[in-house]
Amino acid sequence: MFMRKNKLAFLLLLLWTFGVAHAQMQYELNSGWKCMPSLKVKDNGNAISQSSYSLKKWEQAVVPGTVLTTQLANGEIPDPFYGMNNNKIPDIYNIGRDYYTYWFVKDFEEHKPTGDEQVWLTFRGINYSCEIYLNGHKVNKEPYEGMYLRKTFNVSKLLLPGGKNRLAVIVYPPDPVGRPNGGQGGDGTIARNVSHQYVAGWDWIQPIRDRNTGIWDKVYIERTGAVNIKNPHIVTLLPGVRMPEGKQADALLKTSAEVQNASGHIVAGVLRYTLDGETVSQEVTLRAGESKEVKLPDFTLHNPKLWWPAGYGPQNLYALQMQFVEKDKEEPSDTEKLKFGVREIQTNWNEVTRSKQISVNGQKIFIKGGNWIISDAMLRFSDARYDAEIRYHRDMHLNLIRIWGGALTERPEFYNACDKYGMLVLQDFWFSGDCNGRWVDPMKAEDQWTRRKYPDDHKLALESAEDMIKMIRNHPSLAIWCGGNEIMPPADILKPLRDDLLPRLDGTRWFVEYSNSDEWSYNFLGGNGDGPYTIQPINSFWEKRTWPFNSEVGSVGVGDYESINRFIPEKNQIPPVYNPNVKFNEEADSVWTYHTYTGVGYEGALVPYGAPQDIHDFAMKAQLVNYDQYRALMEGFSSHMWEWYTGAIIWKTQNPWTSMRGQMYDYYLDPNACLFGLRKGSEPVHVMCSPDNKDIMIVNNLFEPLNDLMLVVTYYDMTGKATNLTQVLSYIGASSVKKIASMKLGIDQLLKDKGGFLYLQLLNDRKELVSDNFYWFPDGSGIYSGLKEMKQANVSFSARQVAAGKVELIITNPEGNPVAFFNRVALIDQKTGKRVLPAFYDDNYISVLPGASKTVMVEYNADASQKLGATLLGWNVKKQSVIVKVY
C-alpha cells in the first residue's frame, strides 16, 4: 500500500512538473472538429452553433491547423511539399478569399458553472479574423483579428445546463492576401496584415496557397473560481560574475501577475506561491469585475541552481505554483504553474570588434547561432518536433537561435525545448526589409514610403506585441528582442514598443531595433550589413573580415540522396551541371529550381572532386562540400573571436518546407553533412587548421583556462601511410583562441602531388581525447586527384542496442588499408528500409584511420515493435547493411 501511494504521488508530481503555464482545470479542444467551406453554408453562426443543427455532410477538421492541413488530411489536395504538387492547389490570390473561408465546429462537454465558478474559452491563435459562436450566441462582440493575438472569453453564461455544447467559428483569410509573383513576400501586400510574410513566397519557399488560414494554434477550456490569474511574470536578478560549479551567491526574484475578479461582488484573498520551502504572498482586494496587476514581495533565493546556455553549464529549471485563495476558503480560485530558470542576460559594447557582446550570468559568450524560420510552413507544430529540432541545434554546439521576422513569435512549446537544451533565443517582431520598404523593389505593388507604414493597423500590431511579450517572457532561453528583420518598425510602433511595452512588461532584455543595425554590429563595410548567402571559398571565412556580429551568413545545404528522394520525383533526379556561362553558373532541373536550389547551389565547388556522374555521385560530393563549408565557417569566425567578432548567426539552420538551400537537416528531420561539419567546427574546445596558411590553432569557449594539452598533428597519404608532423604541449586561456604552430611549408609540400589528409588531436593530461579534427586537402593545383584514385577500404561494421532508444555503431578499418574516408552511417527500419527519423548521432560523415575503430552512438525514440538495422556508405567504402543486435 505504501509503495502504491508513493507511486501515485510520483506520477502526480511528474504530471505537475511537466505542466508549463497550465491553469487549475484546463484542457484542449484538439480533436473531433468538423468543417465546411463557407461557400457551401447558407446558415449563420447562431444556427450552426446549436446542437440541433445537422453536421452530417461536414468533414473532419484539423485543429490546431489550417484549411490546407485539413484538406490534406481529407485527401482533397496532394502533398504540397512534394515535386510540383503545390502548383496543383488553387492560390488564394487567384481563386479569392471566399474559397478558403471556412466554418469550424466542435461539440464538447462542459457543465454550466454554479456559484462563483467561471469557465473561460481561449484561442491562442487564429489567422486571420473570425466570428465565434457558442450555443446559438455570438461570443466575440468586438472584432477578433490578427494572427498573433490570444483571446480569452468568459463563456460561463453561455454554457448549457446539460453540459453538451457546440462551438462554431468562421475563419476569414488575411486581407489582402498578397500576390505571389516570385518576390520576397510576393508583391509585399501580405505585410499589410499583422501576420507572417513568408506565406506569399520567398527565395527559400513557394507560396502557401491558403496563407495558413485557420485556427492554427491551441484552443483551451479553463475552469476557475471567481478570480482568474493571468500572465504571471517572474524576473531573476543575479549580480556578479558566476561560475557553473560551486556555491552561488543569492539571487533575487521579482514576481507579479494579473488577477481578474469575474464575479459580481468584492473578493478579498491572497496571491501566493511557494518556492524553496518558503511561501511568498500578497493580500489582494478586487472590486466586482476588476482586473489589476499585483506585485508580490521580492524573494531571496539562497544558493540558486543556475541556468546556462548549452556548452557552458546545466540548464537548471525551477517549478513554481502561483495561487489565488479567497479569504476564508481552502481551495484556490485559480492556480498557474510555470517553470523558470535563474539567470541574467547582460550586453555591452565591445570596442575592439565594434559590436554587441552578450554575457550570461556575468560571463561573456561567443555567439554561435542559427537563423530559424518556423518549424513547419503549414503550422503543423508538435512538442516532439520542436524537441528534435532544438536538440539538433544543441548537438551542433550552437548557443543561440534567432527567430526571423517574416514568420511569427514562436510558441511556448518551442521555448520549452530551448529552456531544456540551453538555446538562447533572439526573437524578432514581424517586419522585414523586403516587405516593409527598406529597398526599391520592382516586384512590390506599392512604393517604399507606403510599405514603410505597413501594417495597416498599428494599434493591432502593438496590442499583439504586448500579448506576445507576456506569453513568452518567463522563459530563461529568451535573451534578446529585435524590432524586425533588416528594418525597424514604423516610428509610431517602434517608440511605444521600445520606450513603454518592453520596459514595462519585461525590462530585463536587450532590445535592438533591427537585425543588422549599427547598434548590434557596426557596418564598416557598407552594403546591407549581413550575408553572404552563397557558397564561398573556405579560406574566405578565415581571411576575409566581415561584419563583427553577422546576423545572417550562410551557404549551401542540399541533403543526401535519401533526402532528395523524399520530395524530388525520380524523373527529375538529375544533378545540376556546372556551366560558368549561365546565370548562377549551373543548369538545374525545373523541379530543383522550384524547390529553390537555383541561386544558392554549388556552382563550381564540386568540380575539383570530378563532375557528378549521377544523382548518387552528386549527393555524395555535395556532402563533402557541405561539411567543409560549415566547419570552415565557424572555424573562421572562431579564429578571430573577440578580435574581429563577437558572434555569427548562420543563415539558416532549418527549413520548414522541402527547400534545397540553407539547412543542417531537411524538413523530414534527416541531418546532412552541414550539421556534422558545423558540429565539429563549433566544439567548445576545438583544434583546427586554417586552409591556406596551415596555422594550427586551439579555441577555448569555456570560462576557465586549459593547461597541459598535447597537440598531435599527423599527415596521412592516400595509401594510409602516416607521418607525424609535430607533437607539442600547449595551453590556452579562458574564452580565447590561440595559434600554436604554422605548418604551411611542410604540409603544402606533402600535399602537392595527390593531396592528402591532416589529422589533429588534442589530448589532456590523462591522455583522453579533448578534440580531434580530420581534414582532406586537394593537390597543388586545387584538384582532389588523390581522392579520385583512392583504393577501396574493406571495413567491418557492427551495430548493437545498448539501451532502450540507444544504438552503438562500430566501424573497424584493418591495418594496411587506406583511410576509410567520409562514411555516413544511418539507423534504419528493417521492414521499410527507411531511415529512423529523427535520430541523433554523436558524429557522422566520419573517417576511420588504418588500424583503428570508430564508434558512433545513436539515440532515437524507442519503439519496441520496430526491428532495426544500420547502413554504412563512404567515399571509398562500399555500402553495408547490418542488423542491430538486441542487448
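**Arg 402 and the largest cavity: two exercises**

Arg 402 is buried, with a relative accessible area of 0% (buried means under 20%, using a 1.4 Å probe and protein chains only). We're working with a predicted model, where local features need pLDDT of at least 70, side-chain atom pairs count only at pLDDT 80 or more, and totals for chains, interfaces and linings use all residues. Residues are numbered from 1 along each chain as its sequence is written, and side-chain values use heavy atoms, with hydrogens and water left out.

**Exercise 1.** Work out where Arg 402 sits and which side chains its own side chain makes polar contacts with.

*Step 1.* Find the element: Arg 402 belongs to strand β25, residues 400-403 (a strand is a DSSP E run of at least two residues, numbered from the N terminus).

*Step 2.* Look for polar contacts (N or O pairs within 3.5 Å, one able to donate a hydrogen and the other to accept it). The Arg 402 side chain has one to the side chain of Asp 428 at 2.6 Å, and another to that of Asn 371 at 2.9 Å.

**Exercise 2.** Describe the lining of the largest cavity.

*Step 1.* Pick out the residues: 13 line this cavity, with Ile 234, Val 235, Thr 236, Arg 343 and Arg 509 nearest its centre (lining residues have an atom within 4 Å of a cavity point).

*Step 2.* Trace their origin: strand β13, residues 227-237, gives the largest share, four residues.

*Step 3.* Sort by class: you get four nonpolar, six polar and three charged residues (Asp, Glu, Lys and Arg count as charged, and Gly is among the polar ones).

Technical notes
Buried means under 20% relative accessible area, exposed over 50%, partly exposed in between (1.4 Å probe, protein chains only). On a 1 Å grid over the protein atoms alone, a cavity is a set of points where a 1.4 Å probe fits but cannot get out, and a pocket is an open set with protein on both sides within 12 Å along at least five of seven lines; lining residues have an atom within 4 Å of a point.
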